[in-house]
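Open the model in your viewer and keep the selection panel at hand. The stops below are taken in order.

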Amino acid sequence: MRIAIIGAGVIGLSTATVLQSHFKDADITIIADKLNKNTLSDGSAGLFRPSHNVKEEYEKEIYRNSFAHFLRIFQSEEAGEYGVQMVSGYIIAEKLEFVADLWYKDLVLDFHFLDSEELKKLNLNKKYCAYGCFFTSTVTECRKYLPKLLKKFLNNNGHVILAKINGLHEINKLPYNTEKSEYNFVINCAGLNAGQIINDKSSMIPIKGQVIRINAPWIKNFWFLSESLENDFKTYIIPTTQTVVLGATRDEGVSDDTVCPEDSEAIMQRCAGLVPSVKLAPILTEWAGLRPYRKETLHTSSPRIELEPLKCLAGNFDFPQYLAESRTIVIHNYGHGGNGVSMSYGSGLRVLELMENYLVDNKDYDDDDGHF
Ligand SMILES: Cc1cc2nc3c(=O)[nH]c(=O)nc-3n(C[C@H](O)[C@H](O)[C@H](O)COP(=O)(O)OP(=O)(O)OC[C@H]3O[C@@H](n4cnc5c(N)ncnc54)[C@H](O)[C@@H]3O)c2cc1C
């Protein structure tokens, strides 16, 4: 079986390693124009924290599987190499409704609501300290996690083609396909560009996010300020293995990822409202990235994980006949918005489930009669 995965961010690499450990004999190729530190995923803070507004059971399962995966890594000898740590922390809210009904309270560890005594002891700025909760989660430092996944993939005979694909209509041609047969499966993990490569440019929208990394080794807990049910990832402090991340901004529709000094100033002010000592800590880096949201699921970060035969996409392109005759199956896995790390492993498992179901329903789908 031949599989191509477009994208080597946290979604592409997680999917690649999940498929590789299941289909031991499969020939798997990642095609990506950016790797490791050049991806969006590299800049993420990496905290496992689900979106507030998840309604679908299968999505909750994606989060559950991902969290179990990160905890398994933490309990392995390789936790340091993967950059996975366990971190506890607080969500502080101005209104009860922002923390009252968190669906994931039974998923994370040590969850409890803060009573007035505990809130008082925390000595928080009066403006913020009305309600809150505490829990333990994981932080995955993508600067370590992505290179480790990539190395694992290559060591297990995976291939990588460093190239920019213009559209999925090219997938079975050189230089993306160096063999004579078609790919059986192509997994679309192209993040913000996932719509573009299927010629559906209007389906995705960036939400720009800027963060500052400081050197503050005395901060060992994460801190969130929940200001609304929709923008619940705006103000936060997250310790990673080597730095502390101060976030963030949420600029809907902004596609310029250059760092804005005024935004950095505002982030610093908001975070100092939660933990004043961040102000005097040395700044290591300032960074901005574009979260890959789907327009139709802006408030849930719900990704698209769906199967679609490549020939069904033929109408999207000014296409040659070979595309309409293709037997290649596309599985989309994109649009994880502000929760891509938190959903990464579970999304890979979901792709595997779709592939297995397809193979059960199509027993004659063998890999030897591919044609261009
Ligand atoms: C400031 C900030 C903080 C964040 N913090 C967190 C957090 O704490 N927890 C969390 O869960 N999430 C967080 N996120 C969200 C997370 O970063 C994203 O959801 C995640 O990185 C998306 O991963 P991805 O693999 O889909 O995309 P990307 O990392 O962008 O990877 C896309 C891949 O596709 C490839 N590609 C794209 N187009 C093409 C093409 N045409 N041809 C070939 N290759 C192509 C790229 O080269 C790249 O390899 C944060 C995001 C931001 C901006």
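The tour goes from a sheet to a helix, then to a core and a ligand.

Residues are numbered from 1 along each chain as its sequence is written. The model is predicted: local features need pLDDT of at least 70, side-chain atom pairs count only at pLDDT 80 or more, and totals for chains, interfaces and linings use all residues.

Select the open sheet of 6 strands, ordered S6-S2-S1-S7-S15-S14 with mixed pairing. Helices (H or I, at least four residues) and strands (E, at least two) are DSSP runs, numbered from the N terminus; two strands pair if DSSP finds at least two bridges between them. At the edges are S6 (159–162) and S14 (304–309), each paired on one side only.

Next, select residues 2–6 and 185–188: these are S1 and S7, parallel partners over 4 bridges. Isoleucine 5 is opposite isoleucine 187 in S7.

Now add H1 (residues 10–22), which packs on the sheet and touches S1, S2 (27–32), S7 and S15 (329–334). Contact is counted when C-beta atoms, placed from the backbone, lie within 7 Å.

Then show valine 186. Not counting residues up to four places away in sequence, its contacts include Ala4, Ile6, Leu168 and Val330.

Last, select the ligand. Which residues come nearest, of the 40 around the ligand? They are Gly7, Gly9, Gly191, Gly209 and Gly340. A residue is near a molecule if its C-beta atom, placed from the backbone, lies within 6 Å of it. H1, S2, S8 (204–214), S13 (283–294) and H9 (340–361) each give two or more residues to this shell.

Terms used
Two residues are in contact if their C-beta atoms, placed from the backbone, lie within 7 Å. Axes are lines fitted to C-alpha atoms, for helices over the stretch in contact, and angles run from 0 to 180 degrees between N-to-C directions.
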